Amino acid sequence: MVKSKSLQSNGRQRGEEARRHLIEAGIEAFGIHGYEAASTRSIVEKAGVNLGAIPYYFKNKEGLYHAVAEHIAVHLDEPEINAAIARIALKTKSPSLSKEQALVLVRELFEAFMTTLLSTDRSELWIRFIFRELMEPSSVFDILYEKVVRKTINPCAALISKILDKPKDDPECTVRAFSLFGQILIFRMMKQVTLKSLNWDTFDGDRLELVRNVIHQQVDDALRTQIKS
């Protein structure tokens, strides 16, 4: 009986490893080639499993694609962003939240977002997968939209609504939120272009600090005029 349990445990462990290897190989294949062009044969070869592993663990190629999207969405839960979002959710409920306090919270959110997107070693393939899916939506669009986009844009729009004295669902608040976040995303989406233009090899140290300071200043300038008005 003990031997049987040990065999079952080993089998589960091998199964979990095979599933993980397929997801990792899927991230690479889908991130580089997209869903249609990614070959299931190349995925299983990269994962080191047989061709029947995809239907066994995920039913089909689309099932693996969904698993990859879920994996990325779950593991993009960065503590700094989550902590900033939690503080914003709590403070935006208060009618006494001032415009200056709202601006401070916007800065906190952007700082956490910049740290996650620019200074961590998050796989370039993850970012490719996300941007490809958001630009060319498929069946996993809603997974990434709900768990990656909305959770960041909505809190920012809520703070901007406080600064503008507008309802949270006013389109201008969301447009401004996307516009401001675009200043960070451009450095990620066009990372190699910006690095080459600056003759840098990476964003770190004083270089990252310069990018942070410029973005913070531009966000400040864009919203502080609304406070003064």
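**Helix α2**

I looked first at the side of α2 turned away from its buried face, and found the exposed residues E45 and K46 there. The model I am reading is a predicted one. I then listed the buried residues of α2, which spans residues 40-47: I43, V44 and A47. Viewed down the helix axis, these buried residues fall within an arc of 90 degrees, so they line one face of α2. I noted the general rule beside this: an α-helix has 3.6 residues a turn, so residues three or four places apart point the same way.

Next I checked the two ends of α2. At its start, a side-chain oxygen of S39 comes to within 3.2 Å of the backbone nitrogen of R41. After the helix comes G48, and I read a positive phi for G48, near 75 degrees.

**Aromatic pairs**

I searched the whole structure for aromatic pairs and got 11. I wrote down Y57 and F58 as one of them: the pair is tilted, with 6.4 Å from centre to centre and 55 degrees between the planes. Is F58 buried or exposed? F58 has a relative accessibility of 5%, so I entered it as buried. Y57 has 28%, so I entered it as partly exposed; the partly exposed class lies between under 20% for buried and over 50% for exposed.

I also took down the pair of Y65 and F129, which is tilted, at 5.1 Å centre to centre and 50 degrees between the planes. Which helices hold these two residues? Y65 lies in α4 (residues 61-75) and F129 in α7 (residues 124-135), so the pair ties together parts that are 64 residues apart in sequence. I found both Y65 and F129 to be buried.

I followed the rings further and found one aromatic cluster made of F30, Y35, Y65 and F129. I then looked at Y35 again: K61 lies over the face of its ring, 4.7 Å from the ring centre.

**The whole chain**

I counted the secondary structure last and got 11 helices and 0 strands. The C-alpha trace spans about 70 × 45 × 30 Å along its principal axes. The chain has 229 residues, and 39% of them count as buried. The chain exposes about 12900 Å², of which carbon and sulfur atoms supply 53%.

I ended with the contacts in the chain that have a separation of 6 or more: residues 24 or more positions apart account for 72% of them.

Technical notes. Residues numbered from 1 in each chain as written. Predicted model: local features only at pLDDT ≥ 70, side-chain atom pairs only at ≥ 80, totals over all residues. Heavy atoms only, no water. Buried < 20%, exposed > 50% of the residue type's maximum accessible area, 1.4 Å probe, protein only. Helix = DSSP H or I, 4+ residues; strand = E, 2+ residues; numbered from the N terminus. Arc of directions from axis to C-beta. Polar contact = N/O pair within 3.5 Å; in protein donor to acceptor, adjacent residues only side chain to side chain. Phe/Tyr/Trp six-rings, centres within 6.5 Å; stacked < 30°, edge-to-face > 60°. Lys NZ or Arg CZ within 6 Å of the ring centre and 35° of its normal. Contact = heavy atoms within 4.5 Å. Areas by Shrake-Rupley, 256 points an atom, 1.4 Å probe, with all protein chains shown as cover.
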